[in-house]
Amino acid sequence: MNNGTRAQCGSCVVEEPAAGPWRACFRIGEVSLGLSGDSTHQPVFGSQIELFRSESASCDIEINLQWVERLSQPLGHPLFDSGSVWKLYEDSDGFVFDFASAAVGPEPYKRLHVDRAFRRGHLQLNRSCLSDPLACNPLEYPLDELVVMHRLGRERGVEVHAAGMCDADGQGYLFLGHSGAGKSTTTRLWNQQPGMTVLSDDRIILRKYDGPGGQAEVWMHGTPWHGEAAFAAPERARIERLFVIEHAGQHASGHAPENKITRISGSRAVGEIMARSFLPFYDAPALENTMNFLQEIVAAIPCYRLEFLPDGTAVEAVRQFRS
């Protein structure tokens with residue numbers, strides 16, 4: 001027997017159980033995310049994001065979760081279609097993310113309403129699609145990444161396609177690359193080095209801080225959203241330079257491929273990083289803020305192109321390189 005109450009929420013009926021509240025907090029790239037609800041059971045989250053669990057009475061983003069009986073189609077203005085499970089709409093209150101899959105039915109199985117500052121949100125889970133609450137991870141990818149990415153667009157930070165690792169002395173190594181550029185190969189090569197910690201083999205968050213004497217420092221943060229090598233860690237490390245990677249190819253002269261490092265400067269460096277960043281192109285203020293941040297990154301640390309061989313010589317080439 002259910003002793004809870006029922007309330008109307010737009011076009012859906014919200015079920016409000018009588019059980020006590022629960023709360024879960026996570027911190028990814030210095031963005032804190034709080035999720036709370038009044039359901040009978042606290043959700044089970046994925047093993048990777050559990051590594052980023054934290055404790056905070058107030059988070060940068062606060063989301064309340066409720067189960068609903070049904071979810072009708074959204075009424076807002078369509079902004080973006082990912083071509084996969086999520087679509088983005090805009091309404092008078094902010095943004096609406098809809099998640100749908102033919103595998104669970106024709107209706108959206110999950111919907112997130114969030115304000116324009118990405119500080120407050122309301123997450124609805126569709127009971128007609130998700131029948132077992134204990135088997136449902138409300139922050140299941142890509143929702144967790146989307147929330148953090150959009151919040152970064154309102155701060156001084158950016159998520160990039162990159163592999164990042166640090167050694168026992170705290171020295172950070174960052175390698176940006178498109179899919180197929182060699183991030184997983186690079187990760188495996190560096191992971192063989194003693195004392196190495198891999199923060200991620202696919203997605204890294206970059207932030208800029210004021211160091212000693214007010215000098216700008218760029219730090220990279222691990223994320224839960226790993227690639228095929230499946231590395232994810234909540235640590236962070238300072239980086240002194242950035243490498244855009246690609247596999248070494250045959251020289252026009254016919255010489256054998258070799259490890260090669262060349263400097264990338266100015267607007268070209270900004271463009272290279274931008275092409276490997278997660279950007280909300282449909283959100284003009286966030287996009288402008290992020291582009292300004294990329295210029296700050298390029299001004300703070302040198303950027304290089306690394307053409308590498310898939311063996312240990314690539315690691316030595318980077319470690320011995322002096323700009």
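**Strand 18 and strand 20**

I began with strand 18 (242–247) and strand 20 (303–308). The two pair in the parallel sense over 6 bridges. Two strands count as paired if DSSP finds at least two bridges between them. I looked up one bridge: Ile-245 has Leu-306 in strand 20 as its partner.

Some ground rules go here. The model is predicted, so I note that local features need pLDDT of at least 70 and side-chain atom pairs count only at pLDDT 80 or more, while totals for chains, interfaces and linings use all residues. Residues are numbered from 1 along each chain as its sequence is written, and side-chain values use heavy atoms, with hydrogens and water left out.

Helices (H or I, at least four residues) and strands (E, at least two) are DSSP runs, numbered from the N terminus.

Next I checked the other pairing of strand 20 on my list. Strand 19 (residues 260–264) runs antiparallel to strand 20, and 5 bridges join them. Lys-260 has Glu-307 of strand 20 as its bridge partner.

How many residues of strand 20 are buried? I found 6 of its 6 buried. Buried means under 20% relative accessible area, exposed means over 50%, and partly exposed lies in between (1.4 Å probe, protein chains only). In a regular strand the side chains alternate between the two faces of the sheet. I listed the sides of strand 20: Cys-303, Arg-305 and Glu-307 are on one, and Tyr-304, Leu-306 and Phe-308 are on the other. Both faces are covered.

**Helix 3 and Lys-183**

I moved to helix 3 (residues 183–191). Its buried residues are Lys-183, Ser-184, Thr-186, Thr-187, Leu-189 and Trp-190. They pack against several elements, including strand 18, strand 20 and helix 6 (312–320). Strand 12 (157–166), strand 13 (172–176) and strand 14 (197–200) are also among them.

Is Lys-183 buried or exposed? Lys-183 is buried, with a relative accessible area of 5%. I then looked up what Lys-183 touches, where contact means heavy atoms within 4.5 Å. Leaving out residues up to four places away in sequence, the list is His-161, Ala-162, Ala-163, Phe-175, Gly-177, His-178, Asp-201, Asp-202 and Ile-245. I also took one distance: Lys-183 and Ile-301 are 118 residues apart in sequence and 21 Å apart in space, C-alpha to C-alpha.

**Helix 4 against helix 5**

I looked at helix 4 (residues 266–274) and helix 5 (residues 284–300). They pack at an angle of about 120°, with axes 9 Å apart. Axes are lines fitted to C-alpha atoms, for helices over the stretch in contact, and angles run from 0 to 180 degrees between N-to-C directions. Helix 4 and helix 5 are therefore oblique to each other. For this term, under 35 degrees is roughly parallel, over 145 roughly antiparallel, 65 to 115 roughly perpendicular, and the rest oblique.

Which residues make the contact? Helix 4 gives Gly-266, Ala-269, Val-270, Ile-273 and Met-274. Helix 5 gives Met-291, Leu-294, Gln-295, Ile-297 and Val-298. I sorted them into 8 nonpolar, 2 polar and no charged. Here Ala, Val, Leu, Ile, Met, Phe, Trp, Tyr, Cys and Pro count as nonpolar, Asp, Glu, Lys and Arg as charged, and the others, Gly among them, as polar.

**Strand 6 and its partners**

I turned to strand 6 (residues 61–68). In strand 6, 7 of the 8 residues are buried, so the strand is largely enclosed by the rest of the structure. Strand 4 (residues 31–37) pairs with strand 6 in the parallel sense over 5 bridges. Ser-36 stands opposite Asn-64 in strand 6. Strand 6 and strand 11 (residues 120–126) also pair in the parallel sense, over 7 bridges. There Gln-66 stands opposite Gln-124.

**Loops**

I ended with loop residues. Asp-115 sits in the loop between strand 10 (110–114) and strand 11. At 23% relative accessibility, Asp-115 counts as partly exposed. Asp-115 touches Asp-93, Gly-94, Phe-95 and Arg-120, again without residues up to four places away in sequence.

Phe-118 is found in the loop between strand 10 and strand 11. Its phi is near 55°, a positive value in a residue other than glycine. Phe-118 is buried, at 0% relative accessible area.

Ala-230 also has a positive phi, about 60°, and is not a glycine. Ala-230 counts as partly exposed at 41% relative accessibility.

Last, I noted that the peptide bond from Tyr-141 to Pro-142 is cis, with omega near 15°.
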